[in-house]
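Here are a few exercises to work through with the model open beside you. Try each one before reading its solution.

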Amino acid sequence: MSTEIEALARANVRALTPYQSARRLGGNGDVWLNANEFPLPVPFELSQQTLNRYPECQPRLVIERYAAYAGLTPEQVLVSRGADEGIELLMRAFCEPGKDAILFCPPTYGMYSVSAETIGIEYRTVPALDNWQLNLPAIAGKLDGVKVVYLCSPNNPTGNLINQDDIRALLDMTAGKALVVADEAYIEFCPAATLAAWLQAYPHLVILRTLSKAFALAGLRCGFTLANKPVIDLLMKVIAPYPLATPVADVAAQALSEAGIALMRQHVAELNANRAWLYEQLPQLPVVEQVFPSETNYILARFTDSPAVFKSLWDRGIILRDQNKNPGLAGCLRISIGTRTECERLIAALQAFSVEQA
Ligand SMILES: *Cc1c(COP(=O)(O)O)cnc(C)c1O
């Protein structure tokens, strides 16, 4: 990049490290266990032939079906280009650049900081406790000027749920001052843990959802923000006029039909069975030091020599997500749950690695 052009850019953009998505990191594998995607494509056909027209900003059928699925009213639902856009819309609507801050608790999802840096909003971190629960006293001490607190439950990459009593305490602590955003990207793997029913009681609670994980539609780029109408109305002011392409809304509506939801639940049951199988297999391997419990479609595990394990699997075409540099996660790799065959390939490769090491 020419230095003169670089000098024209905003300082925070010059300093920015973009989100290291699994896709950007690349790899030459045939077993992709690094992005928490569903392992197999679900076929859809487009039913709309109206691409000459602009789409609806908030496609009615998608909103109605998601509201019914989430047990909410249509006015409590916003649809956007993935949950990632929801993360950013909240900052753009609620945080004044250079003045307000957001807060989150690492280790957690990487886009909260990337969006804040891009927009030029300060982000504060309060590391999670050793059991990956909220450090409430430390959060309380850092809330001054904070407008949005992002929680991820179940948390990516650790896989645990955040204690509901702690979330209530946080909601009480932030009432009238800040939004609490619960990122429920993986809630389909533990549906009873959703906070959707809490929206009635908490005007400052926001929930993020996505079709990218359990619904097997990461390539569609479709996510949802659930909140009470005053929050949704503000987000509607800053969202793009046509955030969803017509084919996206078309497929999303099909995925949210009764048949689409039934298929998703069947997929979740299959992945949960594969996860249970991995929980039997992983602890038997000498290279595995610790396997953390997970409510999601991924497992975090600590290995004796994680860089060597990562590389060895990579060379065998099995791509995991390295968490070694994430605070508190030294030696950890995150494993997305694939098909049973993919899980078996993973275990076989780890056994082969153990033998080579011995
Ligand atoms: C995958 C993921 C998202 C992003 O979802 P998209 O709808 O694909 O943008 C958001 N939050 C968490 C915690 C995720 O893991």
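**Exercise 1.** Which residues are linked in a network of salt bridges?

*Solution.* This is a predicted model, where local features need pLDDT of at least 70, side-chain atom pairs count only at pLDDT 80 or more, and totals for chains, interfaces and linings use all residues. Residues are numbered from 1 along each chain as its sequence is written, and side-chain values use heavy atoms, leaving out hydrogens and water. Start with the criterion: a salt bridge puts a side-chain nitrogen of Lys or Arg within 4 Å of a carboxyl oxygen of Asp or Glu. The network then consists of Lys-99, Asp-100 and Lys-147. In total, the structure holds 11 salt bridges.

**Exercise 2.** Find the salt-bridge partner of Glu-356 and place both residues.

*Solution.* First, the partner is Arg-316, at 2.8 Å from N to O. Next, Glu-356 lies in helix α13 (residues 340-357) and Arg-316 in the loop between α12 and β11 (318-319), 40 residues apart; helices (H or I, at least four residues) and strands (E, at least two) are DSSP runs, numbered from the N terminus. Finally, take accessibility: buried is under 20% relative accessible area, exposed over 50%, partly exposed in between (1.4 Å probe, protein chains only). Glu-356 is exposed at 54%, while Arg-316 is partly exposed at 30%.

**Exercise 3.** Give the strand order of the open sheet formed by 4 strands.

*Solution.* Pairing requires at least two DSSP bridges between two strands. The order is β9-β10-β13-β12, with antiparallel pairing. β9 (288-291) and β12 (321-322) each have a single partner strand, so one side of each has no neighbour in the sheet.
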